[in-house]
Amino acid sequence: MDCLFCKIAAGEIPSAKVYEDEQVLAFKDIEPQAPFHVLIIPKEHIASAGEITPENSGIVAHIFEVAATLAKEHKLADGFRVVTNCGEQAGQTVQHLHFHMLAGRNLGWPPG
Ligand code: 5GP
Ligand code: ZN
């Protein structure tokens with residue numbers, strides 16, 4: 001399958017890794033939108049949040065455990081945001097489930 005994040009997960013395309021285990025990979029976004037901007041992805045190909053099912057939803061809980069661990073490791077006590085864009089109107093550009101983890105500046109709400 002021709003999927004950028006599958007290739008990054010497989011190590012075929014290099015990334016700046018911040019966390020890895022058997023199920024997930026976290027790496028720095030190539031175009032950071034905040035001082036801390038990491039993408040957390042399942043190694044398994046899931047196209048988007050719209051494809052979460054009872055069979056694969058466990059990975060989402062695990063991803064949030066990883067986010068909490070990263071927040072402690074990187075001392076993000078002032079706050080952070082975890083967000084996933086699903087579909088065209090939300091601005092999803094890579095069709096492999098990924099959670100943006102952003103921190104290090106006032107992020108504002110609502111998002112643009
Ligand atoms: P989306 O727009 O789908 O929510 O998020 C895709 C994200 O992937 C964007 O923030 C973009 O900067 C990032 N991205 C796209 N290609 C690459 C890449 O090759 N390496 C890394 N590290 N990030 C990428
Ligand atoms: Zn993929």
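Donors are N, O and S atoms within 2.8 Å of the metal. In this predicted model, the zinc ion (ligand 2) has the protein donors C3 (SG), C6 (SG), H45 (ND1) and H96 (ND1). They lie 2.0 to 2.3 Å from the zinc ion. The model also holds two aromatic pairs.

**Zinc site**
- The site of the zinc ion (ligand 2) is tetrahedral, with angles of 106 to 116 degrees among its four donor atoms.
- Along the sequence, the donor residues follow the spacing C-x2-C-x38-H-x50-H.
- H45 sits in the loop between strand 3 (36-42) and helix 2 (58-73). H96 sits in the loop between strand 4 (80-83) and strand 5 (99-103). The pair therefore ties together parts that are 51 residues apart in sequence.
- H45 is partly exposed, because its relative accessible area is 28%.
- H96 is buried, with a relative accessible area of 0%.

**Aromatic pair F5 and F27**
- The ring centres of F5 and F27 are 5.5 Å apart. Their planes stand at 85 degrees, so the pair is edge-to-face.
- F5 belongs to helix 1 (residues 4-9) and F27 to strand 2 (residues 24-28). The pair links distant parts of the chain, 22 residues apart.
- Both F5 and F27 are buried.

**Aromatic pair F64 and F99**
- F64 and F99 also form an edge-to-face pair, at 5.7 Å centre to centre and 75 degrees between the planes.
- F64 lies in helix 2 and F99 in strand 5, so this pair ties together parts that are 35 residues apart in sequence.
- F64 is partly exposed, at a relative accessible area of 41%.
- F99 is buried, at 7%.

Technical notes
Residues are numbered from 1 along each chain as its sequence is written. Chains are lettered from A and ligands numbered from 1 in the order in which they are written. This is a predicted model: local features need pLDDT of at least 70, side-chain atom pairs count only at pLDDT 80 or more; totals for chains, interfaces and linings use all residues. Side-chain values use heavy atoms; hydrogens and water are left out. Donors are N, O and S atoms within 2.8 Å of the metal (3.2 Å for Na, K and Ca); water is not among the atoms, so sites may look incomplete. Four donors count as tetrahedral if all angles lie between 85 and 135 degrees; four count as square planar and six as octahedral if opposite donors are over 155 degrees apart and all others between 65 and 115; anything else is irregular. Helices (H or I, at least four residues) and strands (E, at least two) are DSSP runs, numbered from the N terminus. Buried means under 20% relative accessible area, exposed over 50%, partly exposed in between (1.4 Å probe, protein chains only). Rings of Phe, Tyr and Trp (its six-membered ring) pair if their centres lie within 6.5 Å; planes under 30 degrees apart count as stacked, over 60 as edge-to-face and the rest as tilted.
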